[in-house]
Amino acid sequence: MTTAHAITCPDVTTNLSAEAAMVQKALTDKGLETPLVHNGLDRDEKYARIRDAFTEIAQVLGLDLRDDSLRETPHRIAKMYVDEIFSGLDYAKFPSISVIDNKMQVEEMVCIDKIDLVSTCEHHFVTIDGSARVAYIPRHRIIGLSKINRIVRFFSQRPQVQERLTQQILVALQTLLETDDVAVTVNAVHYCVKSRGVMDSNSTTRTTALGGAFKTDASTRGEFLG
Ligand SMILES: [Zn+2]
């Protein structure tokens, strides 16, 4: 069996914002990019092929797609995958980020808690439902707070493993804010644990990624994790 490793093709990075290209490069350089192969399919081609593939899955399961409740399901799945829950695979959809100079000389930690996070487990293609806490210590640049939510959402809208998702948010913010002093925790329920397998409805998974002072300074780390 061959495994697809992260491949950066030159044409993947065309028509991207400078911010998206910088983040993509930083993740690739650190080996934290989602394993991707550039297949050259445009939106409509992806859409048609997912619709046909899901039609086949439904038929194999024995579902009658002539039923009016099911008829549009392959179409809905294709649209949902491409435009919504996996739209974060496309860097052309990276949120436009306005990072501004830190003229106010903010030096204290900025922390945003309880950021809604809904992602999809790449091992089972079912929901990961949780929240993120993100903090940074401004150096030369600060970022609009809603932009942090948008970055969390962008990387959540991929097939994910929670550890990689946490690291991708960290590195994206470090890159855009031009500082290592960023910290991210994600706390989430995995529906592949809740709805199948061990059927555990109470366990949550917590992952943490720390950079700069959050890693080296115990009191900064304590303030964030506390
Ligand atoms: Zn899973």
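How many residue pairs are in polar contact across the interface of domain 1 and domain 2? In this predicted model, the rule finds eight such pairs, with both residues of each at pLDDT 80 or more.

Let us look at who takes part on the domain 1 side. Two elements each give two or more residues to the side that touches domain 2: helix 1 (18–29) and helix 3 (73–85). Helix 1 provides the largest share, five residues. Sorted by class, this side of domain 1 has ten nonpolar, three polar and four charged residues.

Charge also plays a part across the boundary, where the count is one salt bridge. The side chains of Glu33 and Arg158 meet in a salt bridge, at 2.8 Å from N to O.

Now for the overall layout. The domain assignment of the protein chain gives domain 1 as 18–89 and domain 2 as 98–225. The table gathers some values for this pair of domains.

| Item for domain 1 and domain 2 | Value |
|---|---|
| Distance between C-alpha centres | 24 Å |
| Residues of domain 1 in contact with domain 2 | 17 residues |
| Residues of domain 2 in contact with domain 1 | 16 residues |
| Area buried between domain 1 and domain 2 | about 1400 Å² |

Of the area buried between the two domains, 68% lies on carbon and sulfur atoms. Which three residues supply more than any other three of the area that domain 1 buries against domain 2? They are Leu32, Phe86 and Gly88, which supply 32% of that area.

Methods:
Residues are numbered from 1 along each chain as its sequence is written. This is a predicted model: local features need pLDDT of at least 70, side-chain atom pairs count only at pLDDT 80 or more; totals for chains, interfaces and linings use all residues. Side-chain values use heavy atoms; hydrogens and water are left out. Domain bounds come from an automatic or database domain assignment. Contact means heavy atoms within 4.5 Å. Buried area is the accessible area (1.4 Å probe) that two parts lose on being put together, summed over both. A salt bridge is a side-chain nitrogen of Lys or Arg within 4 Å of a carboxyl oxygen of Asp or Glu. A polar contact is a pair of N or O atoms within 3.5 Å; within protein, one must be able to donate a hydrogen and the other to accept it, and residues adjacent in sequence count only if both atoms are side-chain atoms. Helices (H or I, at least four residues) and strands (E, at least two) are DSSP runs, numbered from the N terminus. Ala, Val, Leu, Ile, Met, Phe, Trp, Tyr, Cys and Pro count as nonpolar, Asp, Glu, Lys and Arg as charged, and the others, Gly among them, as polar.
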